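Open your viewer, get the selection box ready, and follow along stop by stop. Each stop says what to select and what you will find there.

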Amino acid sequence: MIDFRKDVSERFIRYTRFDTMSDPSLAGSRRPTTPGQVVMQKALVAELEELGLEVTYGEEHVVHAILRANAQGIAPVAFMAHVDTADDVMGNGVKARVHDYEGGDIVLDGTVIRACDNPDLARCAGGRVITSDGTTLLGGDDKAGVAEIMEAVSYLVGHPEVVHGDVEVFFTPDEETGAGMDMFPYHEMISKVCYTLDGGPEGEIETECFNAATVDIAIHGVSTHLGSARGRLVNALKVASMIADTLPHSESPEATDGRYGYYHVGAIEGTNVEARMEIFIRDFDSGSFDERIRALEALARAVADIYHASIDIDVHVSYRNMASANARHPEALEAVMEAGRRLGLDLHQELIRGGTDGARMAEKAGVPCPNLFTGGHNFHSLEEWVSVDVMSESVNMVLAIIDYQVAAAKA
Ligand SMILES: [Zn+2]
């Protein structure tokens, strides 16, 4: 295993200084949602050009770079990470702190990272850990991934004796807002397999995610003077709340984990005349996912009939479980597992109770897109931390996956 600890941590800390917190309220209306993301993307474009890669960066605001092959007949491979950070806690003005970690709690200005709540932290004793100063998040999600990909590419440029095929790199905006893949330049993509570096603890490989849909229901009531409303008034808000209450309580996010799917009421708003509700449906199994959509539609219509209200239902599938694309292209996961074996890492496959940009890519382009660990923990919080040792392992994983393509070409 090559020791990237110093280089990748310095690079990562440099990237944490970009103010790239995204703004979900602007998703879909402004791209990217915040200007700091463009600043960081332009800096990455400059670094990639300096390294000699072919770079495109257009109005999609996706950095796309190709390190050209130095040998023939090797399949290209892509790696992807996002430059924005979440807005759950302040994500700008990050001041990273490096700790030579000896065990115990890490006391920061704004918070304490407790060893008892962070079993993985105990395993880092004797190693190096990076946190914020405790007043912001750190931004390891996903600048750890960006740094790891950049470090791997820069290693290959510095070591022309290492044989590789075309290596493709994508740095997207606005992943945290859900809009990151809206304008992805699929037409430019040359790889048939892609890996996101947007995962967490050492060894975790995420290969399955939810199927996800948002169902918007518009309810049209009938308004009358309340004094003469008997038998005539139709209260849209009551219809909405009954639809919400009729959903199975045991199939909600607060009641499920593991492989169980759910319905979640995200919003009810409006007046007694017009109401709107937003319901999220999540399920790993695509059969029961489709069934949930049908069940919700039938239920909403039944409730509307009871009240003589009229409704409009709009179903939007956001992403699908990437397991099916991974199953159609088992070579994507084989490369990961072989890389792990070669590096002596104990890899385990995990479910994501959510989605990734890779899931959107799998859905849209049929490209398998497993999510690899980056060494980050406690994402979206003041207690976020990354392990420098694991970041170095992630760079080695990227290189080993690139090398797998070379071995596969020879076989
Ligand atoms: Zn992320």
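## First stop: the middle of the sheet

Select E3 and E8: these strands pair in the parallel sense over 6 bridges, where pairing requires that DSSP finds at least two bridges between two strands. Strands (E, at least two residues) and helices (H or I, at least four) are DSSP runs, numbered from the N terminus. Before going further, note that this is a predicted model, in which local features need pLDDT of at least 70 and side-chain atom pairs count only at pLDDT 80 or more, while totals for chains, interfaces and linings use all residues. Residue numbers start from 1 along each chain as its sequence is written.

Now pick Phe-79, which stands opposite Val-169 in E8. Add E2, which is joined to E8 by 5 bridges and runs antiparallel to it. There, His-64 has Phe-170 of E8 as its bridge partner.

Stay on E8 and show its side chains. In a regular strand the side chains alternate between the two faces of the sheet. Val-167, Val-169 and Phe-171 point one way from E8, while Glu-168, Phe-170 and Thr-172 point the other way, and all are buried. Buried here means that 20 or more other C-beta atoms, placed from the backbone, lie within 10 Å of the residue's own (exposed: 12 or fewer; partly exposed: in between). With 6 of its 6 residues buried, E8 is therefore largely enclosed by the rest of the structure.

## Second stop: the whole sheet

Widen the selection to the open sheet of 8 strands, ordered E1-E2-E8-E3-E9-E16-E10-E15 with mixed pairing. At its edges are E1 (54-56) and E15, each pairing on one side only. Next, show helix H4 (residues 140-158), which packs on the sheet and touches E2 (63-67), E3 (77-82), E8 (167-172) and E9 (194-197). The direction of H4 makes about 145 degrees with that of E3; axes are lines fitted to C-alpha atoms, for helices over the stretch in contact, and angles run from 0 to 180 degrees between N-to-C directions.

Move along to E10 (residues 204-209), where 5 of the 6 residues are buried, so this strand too is largely enclosed by the rest of the structure. Which residues partner Glu-206? In E15 the bridge partner is Glu-350, and in E16 it is Asn-371. E10 and E15 (residues 348-352) run parallel, joined by 5 bridges, whereas E10 and E16 (residues 371-372) pair in the antiparallel sense over 2 bridges.

## Third stop: domain 2 and helix H5

Colour the chain by domain: domain 1 is 5-209 + 321-410 and domain 2 is 211-318, with bounds from an automatic or database domain assignment. Their centres, taken over C-alpha atoms, are 37 Å apart. The contact between them takes 4 residues from domain 1 and 6 residues from domain 2; residues are in contact if their C-beta atoms, placed from the backbone, lie within 7 Å.

Select H5 (residues 236-246) and find its buried residues, Ala-236, Val-239, Ala-240 and Ile-243. They cover an arc of only 100 degrees around the axis, which puts them on the same side of H5; the arc is that of the directions from the helix axis to the C-beta atoms. Their cover includes E11 (211-220), E12 (262-270), E13 (274-283) and H6 (286-307).

Finally, centre on Ile-219. Leaving aside neighbours within four places in sequence, Ile-219 is in contact with Ala-236, Val-239, Ala-240, Ala-275, Ala-304, Ala-309 and Ile-311.

Terms used: Two residues are in contact if their C-beta atoms, placed from the backbone, lie within 7 Å.
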